[in-house]
Amino acid sequence: MIASVRGFLAGLRQELPELFAPPAPLRPPRPARAVPVPEATRFRFRSRVEHWSAVMGVTPRRIAIKNQRSLWGSCSARGNLNFNRALDRAPAEVLDYVVIHELAHLKEMNHSRDFWAIVRQWCPRQKEHRRWLRQNAALLRP
């Protein structure tokens, strides 16, 4: 019985190989190696973080610039900041808003009213900058 089933499947495999092909990946694979971040880009992000962290009285642990797909920035519980490389194409005040937003997480690790009060304190036009990011996201991403 098992031998006949195996024979049947072997015949199908020859006649209809597409039935036995592995499924296509759901997402395109990521590039093998990331393109290095130019030093000028690193300097721009680092200088804005240094400026705003001194003004806000906070100290991040590490700053990383990444090719993120969906986030403009993030802050880990350990105080590490990540920024989307595409922000390098954004206006200076929009980059500053994202930097302030992530640094505010060093004081409030959530999006509570207290958190937004901190962001508004240092970036009164934060709603305008958030709107700009939503409306222009496609222009920033490669």
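Which handedness does the crossing of α2 and α3 have, left-handed or right-handed? Select both helices in this predicted model: the crossing of α2 and α3 is right-handed. Helix α2 covers residues 39-56, and helix α3 covers residues 92-104.

**Stop 1: α2 against α3**

With α2 and α3 on screen, look along the place where they pack: the angle is about 55° and the axes are 10 Å apart. The two helices are therefore oblique to each other. Now show side chains. On the α2 side, the contact is made by Arg44, Phe45, Arg48, Val49, Trp52, Ser53 and Met56. On the α3 side, select Ala92, Leu95, Asp96, Val99, Ile100, Leu103 and Ala104. Coloured by class, this contact shows 10 nonpolar, 1 polar and 3 charged residues.

**Stop 2: Ser53**

Stay in helix α2 and centre on Ser53. Is Ser53 buried or exposed? Its relative accessibility is 11%, so Ser53 counts as buried, the cut-off for buried being under 20%. Leaving aside residues up to four places away in sequence, Ser53 touches Val58, Pro60 and Leu103. Leu103 is also among the α3 residues in the contact with α2. For a distance check, pick the C-alpha atoms of Ser53 and Pro36: they are 17 residues apart along the chain and separated by 25 Å.

**Stop 3: α3 against α4**

Keep α3 and add α4, residues 113-122. The axes of α3 and α4 come within 9 Å and cross at roughly 140°. Helices α3 and α4 are therefore oblique to each other, and their crossing is right-handed. From α3, select Tyr97, Ile100, His101 and Ala104; these meet Phe115, Trp116, Ile118, Val119 and Trp122 of α4. By class, the contact has 8 nonpolar residues, 1 polar residue and no charged ones. Ile100 and Ala104 appear here and also in the contact of α3 with α2.

**Stop 4: the core**

Next, turn to the largest nonpolar core, which has 31 residues. Select Met56, Trp72, Phe83, Leu87, Leu103 and Leu133, the residues with the most contacts inside this core. Elements that each supply at least two core residues are α2, β1 (62-66), β3 (80-84), α3, α4 and α5 (126-140). Which element gives the largest share of the core? That is α3, with 8 residues.

**Stop 5: Leu87**

Finish on Leu87, one of the core residues just selected. What does Leu87 touch, not counting residues up to four places away in sequence? Show Arg44, Phe45, Trp72, Leu95, Val98 and Leu133 around Leu87. Of these neighbours, Arg44, Phe45 and Leu95 also take part in the contact between α2 and α3.

Definitions and conventions. Residues are numbered from 1 along each chain as its sequence is written. This is a predicted model: local features need pLDDT of at least 70, side-chain atom pairs count only at pLDDT 80 or more; totals for chains, interfaces and linings use all residues. Side-chain values use heavy atoms; hydrogens and water are left out. Axes are lines fitted to C-alpha atoms, for helices over the stretch in contact, and angles run from 0 to 180 degrees between N-to-C directions. Helices (H or I, at least four residues) and strands (E, at least two) are DSSP runs, numbered from the N terminus. Angles under 35 degrees count as roughly parallel, over 145 as roughly antiparallel, 65 to 115 as roughly perpendicular and the rest as oblique. A crossing is left-handed if the near helix is turned anticlockwise from the far one by less than a right angle, and right-handed if clockwise. Contact means heavy atoms within 4.5 Å. Ala, Val, Leu, Ile, Met, Phe, Trp, Tyr, Cys and Pro count as nonpolar, Asp, Glu, Lys and Arg as charged, and the others, Gly among them, as polar. A nonpolar core is a set of buried Ala, Val, Leu, Ile, Met, Phe, Trp, Tyr and Cys residues joined through side-chain atoms within 4.5 Å. Buried means under 20% relative accessible area, exposed over 50%, partly exposed in between (1.4 Å probe, protein chains only).
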